[in-house]
Amino acid sequence: MSEKALRLGTRRSKLAMAQSGQVAETVREVTGRPVELVEITTYGDVSREALAQIGGTGVFVTALRDALLKGEVDFAVHSLKDLPTAQPAELVLAAIPEREDPRDVIVARDALKFTDLPRGARIGTGAPRRMAQLNAYARAHGLDIETVPIRGNVDTRIQYVRDGELDAVVLAAAGLNRIGRIDEVTDFLSVDTVLPAPGQGALAIECAADNAELIAALGELDDPFTRAAVTAERSLLAALEAGCSAPVGALADLLADGQFVQEMRLRGVVGTTDGTRMVQLSTTGPVPQTHDQAWALGRELATEMLAQGAAGLMGERAH
């Protein structure tokens, strides 16, 4: 490859810049080429409306993809959980690096854990998925909480707690790790309590489908186990016909016997945001060796969830 700088398209948020900077460093090492960050403002970054009202987290992706299609950038870095499940034919996910911690976390006042929050505690989150599962857990364990819809970056959300407006906020562990603020977490939520969003904790590196040289270079960053897991999770989301902001949680993890990975388990949950009705199922199978096998695992579980009434719990389904 020539020495011309590769242009990496990224959102302007502190988190996006941090994770894009980390990817840029790895790409420099792999290709020997300089990488420059090209900051792109997306509609999701400037709008203050609730995500569900403006098209879900896909609004963070459109401007980056437009820049790729116009040739203004060579590749882009996305948070995988923000990507719509339909992949444009002109673009390819050249790499899905090894996943960060997929869990959700609590940042609460007085260093409280979730189960120690006072009665009537106000917990902020922008995700219907988190609301559904937190409310269901609280209902099952006799906790009295109120989930409050919020938007904004990490600083804005944590400030609600610092200012006393909220008792706690829910964030993704991966994001706090990437910006060096994981020490502010007061509780890590077990995936048995709250299943993460499909693809949470993973990054997607996307480029033009006709750039074989760049695809091959970026492919060095790909982690096949992470790719198989998130493909199964996103297949579940797609088969439920649910958008990125639907109350759907999914996590595929590898089950190992000693040193050897034997199987992949996929768990999925759909619920009403008040937590009164939930469909939660899992399936286990051989570790997928191909995209189609991973996709089939997700479809299989989605079919079972739909048979148990999952569609009626999602409100407006994405089409």
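Of the 319 residues in this protein chain, 52% count as buried. Keep in mind, as you turn the structure around, that you are looking at a predicted model.

Let's start with the overall build. The protein chain contains 10 helices and 13 strands. Its C-alpha trace spans about 60 × 45 × 40 Å along the principal axes. A compact globule of 319 residues would have a radius of gyration near 20 Å, and the value for the protein chain is 19 Å, so the two agree. The contacts tell you about the fold as well: among those in the protein chain with a separation of 6 or more, 71% are between residues 24 or more positions apart.

Now look at the outside. The accessible surface of the protein chain is about 14,000 Å², and 48% of that belongs to carbon and sulfur atoms. The chain also carries 32 positive and 44 negative charges, and the mean positions of these two groups are 4 Å apart.

With the whole in view, we can visit some single elements. Begin with strand β1, which covers residues 6-11 and includes Gly9. Is Gly9 buried or exposed? Gly9 counts as buried because its relative accessible area is 0%, and the cut-off for buried is under 20%. Leaving aside residues up to four places away in sequence, Gly9 touches Val38, Ile40, Leu64, Val73, Phe75, Ala76 and Val77. Glu72 shows how folding relates distant parts of the sequence to one another: Gly9 and Glu72 are 63 residues apart in sequence, yet their C-alpha atoms are 8.4 Å apart in space.

Strand β4, residues 91-95, is another mostly covered piece, with 4 of its 5 residues buried. Which strand does β4 pair with? Its partner is strand β10, residues 203-208; the two run antiparallel and are joined by 4 bridges. If you would like to find one of these pairings on screen, look for Val92, whose bridge partner in β10 is Cys207.

Further along the chain, three strands follow one another. Strand β11 (residues 248-257) is joined to strand β12 (residues 260-271) by 10 bridges, and these strands run antiparallel. One of the pairings links Ala256 with Val261 in β12. Together β11 and β12 make a hairpin with 2 residues between them, and Gly258 in the turn has a positive phi of about 65°.

Strand β12 also pairs with strand β13 (residues 278-286), again in the antiparallel sense, this time over 9 bridges. Here you can find Glu263 standing opposite Pro286 in β13. The two strands form a hairpin too, with 6 residues between them. Its turn holds Gly275, which has a positive phi of about 80°.

Our last stop is a helix. Helix α6 runs over residues 154-162 and contains Asp155. How much of Asp155 is accessible? Its relative accessible area is 32%, so Asp155 is classed as partly exposed, a label used for values between 20% and 50%. Not counting residues up to four places away in sequence, Asp155 touches Lys14 and Arg181. You can also trace the way from Asp155 to Thr10: these residues are 145 apart along the chain, and their C-alpha atoms are separated by 19 Å.

Methods:
Residues are numbered from 1 along each chain as its sequence is written. This is a predicted model: local features need pLDDT of at least 70, side-chain atom pairs count only at pLDDT 80 or more; totals for chains, interfaces and linings use all residues. Side-chain values use heavy atoms; hydrogens and water are left out. The radius of gyration is taken over C-alpha atoms; the globule rule is 2.2 Å times the number of residues to the power 0.38. Buried means under 20% relative accessible area, exposed over 50%, partly exposed in between (1.4 Å probe, protein chains only). Contact means heavy atoms within 4.5 Å. Accessible areas come from the Shrake-Rupley method with a 1.4 Å probe; for residues, only the protein chains shown count as cover. Lys and Arg count as positive and Asp and Glu as negative; His and the chain ends are not counted. The place of a charge is taken as NZ of Lys, CZ of Arg, CG of Asp or CD of Glu. Two strands pair if DSSP finds at least two bridges between them.
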